[in-house]
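The following explanation is intended for a reader who meets this structure here without prior acquaintance. It proceeds from one helix to a pairing of rings, and then to a single residue.

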Amino acid sequence: MATTSTSEHTGNGPTGAEKMYHESSDSSNNGTNGMNGMGRQMTHEEHQTAVAASKFGYGPLAHINSTASARLPAFGGEFQPGLYKSVENRKFANPAPLGLSAFALTTFVLSLINMRTRAVAEPNLVVGLAFGYGGLVQLLAGMWEMAVGNTFGATALSSYGGFWLSFAVILTPGGFNIREAYVEAQGMEAFYDAFGFFLMGWLIFTTILLVATLRSTVAFFLLFFTLDLAFLFLGVGYLHRDSTMHPNPPLIKTGGFFGLLAAFLAWYNALAGIADDSNSFFIIPVAHFPWSVKGREMRKEKTERARV
């Protein structure tokens with residue numbers, strides 16, 4: 001998770017609007033020092049009225065983002081499950097959409113091949129994508145996630161960047177001769193077993209990340225859930241072969257199907273991180289789990305509005 005303060009993770013601290021209000025009051029150079037025009041401190045009721053007025057562009061807080069967007073939800077902008085800091089004053093761009101897009105495109109192409117789309121069965125084309133986009137670019141995005149303080153994003157994107165690089169190394173034709181070495185020493189079945197172990201290891205890692213998304217959003221959770229199923233079916237498909245001792249076609253195709261779903265979900269989450277009110281006419285819905293921090297806050301706000 002990102003290394004933010006306790007109040008930002010629990011939701012028990014001040015809201016984003018209140019934080020920004022107090023920061024603005026402390027740094028104000030207009031001589032009022034957080035006071036109203038009459039030179040006295042605002043009461044709680046006056047402050048609440050000012051916050052409401054600022055939503056419509058007037059009042060003493062009109063220059064401050066006092067809406068719910070001042071405290072952004074997960075994921076709908078950043079590659080982490082929990083609530084995170086507002087990014088207005090951050091020096092770096094959000095690297096999550098780049099890493100998600102790199103993952104999505106490479107997974108999309110490989111999944112179509114696993115599903116034997118238009119009778120294409122050899123994954124040689126994916127080697128180029130796995131080295132350049134899914135591997136190198138996603139690894140760089142993961143490193144920038146570390147720079148902005150997002151532990152989950154750094155772990156996930158860097159690891160899957162490493163997955164694609166290692167995948168490319170294994171399947172590079174005539175390059176590293178990994179498959180050929182297995183075939184010469186023990187036969188093709190030994191390579192299938194070893195590749196199945198490789199995929200099952202990534203199944204375990206993805207399951208660990210999946211657990212960390214259970215208090216986030218539906219879109220974020222489904223990305224890792226479908227990816228988990230893809231690794232499961234592909235791994236079992238290589239370990240539990242058919243009568244000809246080749247990877248089990250129904251299991252491989254099923255794994256390709258779930259990989260295709262994961263690719264589209266990765267693109268969806270990437271779009272949620274790119275689209276905002278400056279470049280889009282709508283905000284991508286990500287559906288918060290009701291038991292998440294943001295879900296509880298939304299229910300509380302809804303209850304308070306109903307009482308009013």
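**A helix, a ring pair and a residue**

In this predicted model, helix H4 covers residues 96–114, a run of 19 residues. From its first C-alpha to its last, H4 reaches 26 Å, which is close to the 27 Å expected at 1.5 Å a residue. Helix H4 is largely enclosed by the rest of the structure, because 15 of its 19 residues are buried. Just after H4 comes Arg-116, which takes a positive phi of about 60°.

Aromatic rings offer a second view of the structure, which holds 29 aromatic pairs. One of them joins Phe-108 and Trp-267, with 5.6 Å from centre to centre. The planes of these two rings stand at 55° to each other, and the pair is tilted. Phe-108 belongs to helix H4 and Trp-267 to helix H10 (residues 249–274), so that this pair links distant parts of the chain, 159 residues apart. Phe-108 counts as partly exposed because its relative accessibility is 23%, above the 20% under which a residue is buried. Trp-267 is also partly exposed, with a relative accessible area of 29%.

The last stop is Ala-154, which lies in helix H6 (residues 151–171). Is this residue, Ala-154, buried or exposed? Its relative accessibility is 4%, and Ala-154 therefore counts as buried. Beyond its neighbours within four places in sequence, Ala-154 is in contact with Gly-142, Glu-145, Met-146 and Ser-159. The C-alpha atoms of Ala-154 and Met-143 are separated by 6.0 Å, although these residues are 11 residues apart along the chain.

Conventions: Residues numbered from 1 in each chain as written. Predicted model: local features only at pLDDT ≥ 70, side-chain atom pairs only at ≥ 80, totals over all residues. Heavy atoms only, no water. Helix = DSSP H or I, 4+ residues; strand = E, 2+ residues; numbered from the N terminus. Expected span 1.5 Å × (residues − 1). Buried < 20%, exposed > 50% of the residue type's maximum accessible area, 1.4 Å probe, protein only. Contact = heavy atoms within 4.5 Å. Phe/Tyr/Trp six-rings, centres within 6.5 Å; stacked < 30°, edge-to-face > 60°.
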